[in-house]
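This report describes the fold, the packing and selected local features of one protein chain. The sequence and the coordinates are shown first, and the discussion follows.

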Amino acid sequence: MTLKVSVIAADELLRLVDGHRLVQLRLRWHDYHRVHSPVDGRIASVDAFVKDELFPGSEAMTVFAIEACLGTVKLMCIGEWSVQSFVLHQRSVRGGQVRKMDELGHFDAGSQVLLVLPRGADVLLRGGERLFPGDPVATGPAAVCQGSTGG
């Protein structure tokens, strides 16, 4: 898998972030660069990694872990290779509650977001689709999320 500049095997990246499936969302310079919560839940952690910290050659990135009814969903926010930045919103703090579509932060320039899904989540995308904020990307087990506001 190619991130911005670095290359890593997808299964190795999943091992590093303790995930099951990946959805790679590439944002070009003229695309929308605000990052929103994909689910209702609680922010379990927000980790900022500097260049080369997550693995040798890795870009700087901010990783959100959100506890949702279908499990822990993670967002890896990778800044444009020459800028290496993600601007975190003040209310995007550990322990905070989020609802789907709450803004978590933004990029100043080109960027990429990896959505890391837990076991049991099914990806709806086939690849190559253009997405817009709020478009469904994955589904979780209905029984797990039934009666909750998450998912």
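## Salt bridges

Arg 99 is partly exposed, its relative accessible area being 49%. In this predicted model, Arg 99 forms a salt bridge with Asp 40, and the closest N and O atoms lie 3.8 Å apart. The two residues belong to distant parts of the chain, 59 residues apart: Arg 99 sits in the loop between strand 7 (97–98) and strand 8 (103–106), and Asp 40 in the loop between strand 2 (34–36) and strand 3 (41–49). Unlike the partly exposed Arg 99, Asp 40 counts as buried, because its relative accessibility of 9% is under the 20% limit.

The search of the whole structure finds 2 salt bridges. Another pair is Arg 42 with Glu 67, for which the closest N and O atoms are 2.8 Å apart. This pair also links distant parts of the chain, with Arg 42 in strand 3 and Glu 67 in strand 4 (residues 61–68), 25 residues apart. Both partners are partly exposed: Arg 42 has a relative accessible area of 27%, and Glu 67 has a relative accessibility of 36%.

## Overall architecture

The chain contains 2 helices and 11 strands. Read from the N terminus, the order of elements is α-β-β-β-β-β-β-β-β-β-β-β-α, with a helix at the beginning and at the end of the series.

Of the 151 residues in the chain, 42% are buried. Among the contacts with a separation of 6 or more, 64% are between residues 24 or more positions apart. The exposed area of the chain is about 8,100 Å², of which carbon and sulfur atoms supply 52%.

## Nonpolar cores

In soluble globular proteins, nonpolar side chains tend to be buried together. Here the largest nonpolar core has 20 residues, and the members that touch the most others are Val 35, Leu 75, Cys 77, Leu 104 and Leu 115. Strand 4, strand 5 (71–79) and strand 9 (111–117) each contribute at least two residues to this core. A second core, separate from the largest one, holds 13 residues, including Leu 54, Phe 55, Met 61 and Val 63.

## A three-stranded sheet

Strands of a sheet pair through backbone hydrogen bonds, either parallel or antiparallel. One open sheet in the model consists of 3 strands in the order 2-8-6, and its pairing is antiparallel. Strand 2 and strand 6 (87–88) are at the edges; each has a single partner strand, so one side of each has no neighbour in the sheet.

The antiparallel pairing of strand 6 with strand 8 extends over 2 bridges. Leu 88 has Gly 105 in strand 8 as its bridge partner.

## Helix 1

Helix 1 (residues 10–17) has buried residues at Leu 13, Leu 14 and Val 17. Viewed down the helix axis, the buried residues of helix 1 fall within an arc of 100°, so they line one face. Asp 11 and Arg 15 are exposed on the other side of helix 1. An α-helix has 3.6 residues a turn, so residues three or four places apart point the same way.

## Surroundings of Leu 117

Leu 117 lies in strand 9 and counts as buried, with a relative accessibility of 4%. Leaving aside residues up to four places away in sequence, Leu 117 touches Gly 19, His 20, Arg 21, Val 23, Val 123 and Ala 138. The C-alpha atoms of Leu 117 and Thr 72 are separated by 7.2 Å, although these residues are 45 residues apart along the chain.

## Residues with positive phi

Most residues other than glycine have a negative phi. Asp 18, just after helix 1, takes a positive phi of about 50°. Asp 52, in the loop between strand 3 and strand 4, also has a positive phi, near 75°. With a relative accessibility of 43%, Asp 52 counts as partly exposed.

Met 101 is not a glycine, yet its phi is positive, at about 85°. Met 101 is placed in the loop between strand 7 and strand 8, which is also the loop that holds Arg 99. At 33% relative accessibility, Met 101 counts as partly exposed.

Key. Residues are numbered from 1 along each chain as its sequence is written. This is a predicted model: local features need pLDDT of at least 70, side-chain atom pairs count only at pLDDT 80 or more; totals for chains, interfaces and linings use all residues. Side-chain values use heavy atoms; hydrogens and water are left out. A salt bridge is a side-chain nitrogen of Lys or Arg within 4 Å of a carboxyl oxygen of Asp or Glu. Helices (H or I, at least four residues) and strands (E, at least two) are DSSP runs, numbered from the N terminus. Buried means under 20% relative accessible area, exposed over 50%, partly exposed in between (1.4 Å probe, protein chains only). A nonpolar core is a set of buried Ala, Val, Leu, Ile, Met, Phe, Trp, Tyr and Cys residues joined through side-chain atoms within 4.5 Å. Two strands pair if DSSP finds at least two bridges between them. The arc is that of the directions from the helix axis to the C-beta atoms. Contact means heavy atoms within 4.5 Å. Accessible areas come from the Shrake-Rupley method with a 1.4 Å probe; for residues, only the protein chains shown count as cover.
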